[in-house]
Amino acid sequence: MAEDDAPSELDRVEGAQHPRETARLIGQDSAERAFLDAWDSDRLHHAWLLRGPQGIGKATLAYRMARAIIAEGPVPGGSLFGAPLTPESLDIPADCPVGHRIRAGSEPRLSVLRLNLNPTTGRPRSQIVVEDVRAMKSFLQLSAADGGWRAVIVDAADQMNRSAANALLKMLEEPPERVLMLLISHAPGGLLPTIRSRCRFLDLTPLGPEDMQAALTQAEVEPPSGQSDALAELAVGSVGRAIQLINADGLALYGRLVGMMASGRVDRHEMSLLANLVSGRDAARPYAMTADLLQVLIARLARAAATGTPPPPAAAKEADLISLTASMPRQAPLWADAAARTAASLRHAIAVNLDPGQTIIDTLLEIDTVLGKTRRAA
């Protein structure tokens, strides 16, 4: 089954290559080696759960695994590519037809389960639904004409609703022969335990500073001048997140959020201006980034209070804000509770399409209340 929904590209990060187009995987050598070792020793599990934070290369690795297994396949009695030595990577020749077809989204031996457009409304779905999973049945019931391998990529398994997850579970319980299922998960704790139990885990880790820079260079993305350290702090080892921050001017926005709270109270004038920024027809990106960065800021304050160690500042005045409101352990529970409540309220507001401007005002007013409590707790 080819990627029939490819034109929607709901899983593409703007300004970056799609994972299927990314030739080189940076910073995840141990995860790739673990898969290669299992493959070469004829211990290739039928289902793998690729775990780790979003944007660190899980999808890129999944496409590399799919490319290699479709292009070559294990050779009985031999090593991965039939050569006497174990290969050092999942690279395939640049002129391999499988690679070209996967980049074009037209490889018949690869099925990708991901967010789609709703055929009724034409709008993006927020979940992978059971109809999407059932559509894979015809793919799984077929056999490759040459007896080779086929692959399924689920990106991301966290986005399946309950019915879709149960439908996928049935496929994991009765796996077809020579089908490799690759499930990508940013938060595996939320998956059905029965799905996790039928997969072999493959853990990926956040990128270090050098790998992050190399990944940005590969993506042809340049960090704002003089702000590489701040970008590394807010991206937390995720190149995908770093690109989103750059595209949405997230570093400046984070500085604005910190600045409006630096006095220990939320500046009402700045709050009003920000509400206007996230309102309107073309404000989806600033709204999403504002909601995300508010949660990041609260999490950083909670962590600073709990550990007693402030993180390297990601914005001017952040050190002052932490010193005033998040420098003592007794302030940590206030911020931890605020983090949970803010995340829940923002998820609800986005899910039911509440007014963005009012949502941000309500969130900032709630934070203002917490700021007052943390000052009194100091």
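# Helix crossings and aromatic pairs

Student: Is the crossing of H12 past H16 left-handed or right-handed?

Tutor: Right-handed: that is how H12 passes H16. A crossing is right-handed if the near helix is turned clockwise from the far one by less than a right angle, and left-handed if anticlockwise. Helices are DSSP runs (H or I, at least four residues) and strands are runs of E (at least two), numbered from the N terminus.

Student: What am I looking at, source-wise?

Tutor: This is a predicted model, where local features need pLDDT of at least 70 and side-chain atom pairs count only at pLDDT 80 or more, while totals for chains, interfaces and linings use all residues. Residues are numbered from 1 along each chain as its sequence is written, and side-chain values use heavy atoms, with hydrogens and water left out.

Student: At what angle do the axes of H12 and H16 cross?

Tutor: Roughly 150 degrees, with the axes of H12 (residues 268-277) and H16 (residues 356-377) coming within 8 Å. Axes are lines fitted to C-alpha atoms, for helices over the stretch in contact, and angles run from 0 to 180 degrees between N-to-C directions. H12 and H16 are therefore roughly antiparallel (over 145 degrees; under 35 is roughly parallel, 65 to 115 roughly perpendicular, the rest oblique).

Student: Which residues in H12 meet H16?

Tutor: Arg268, Met271, Leu274 and Ala275, which meet residues of H16 including Ile360, Leu364 and Asp368. Contact means heavy atoms within 4.5 Å.

Student: New topic. How many aromatic pairs?

Tutor: The count is 2. One of them is Phe35 with Trp39, tilted, at 5.5 Å centre to centre and 55 degrees between the planes. Rings of Phe, Tyr and Trp (its six-membered ring) pair if their centres lie within 6.5 Å; planes under 30 degrees apart count as stacked, over 60 as edge-to-face and the rest as tilted.

Student: Why are Phe35 and Trp39 separated by about one helical turn?

Tutor: Because they are 4 residues apart in helix H1 (residues 29-40). Both are buried (under 20% relative accessible area; exposed is over 50%, partly exposed in between; 1.4 Å probe, protein chains only).

Student: And how is Phe35 placed against Trp48?

Tutor: The pair is edge-to-face, since the centres are 5.1 Å apart and the planes at 70 degrees. Phe35 is in H1 and Trp48 in strand S1 (residues 47-51), so the pair ties together parts 13 residues apart in sequence. Trp48 is buried, at 0% relative accessible area. Ring pairs link Phe35, Trp39 and Trp48 into a cluster.
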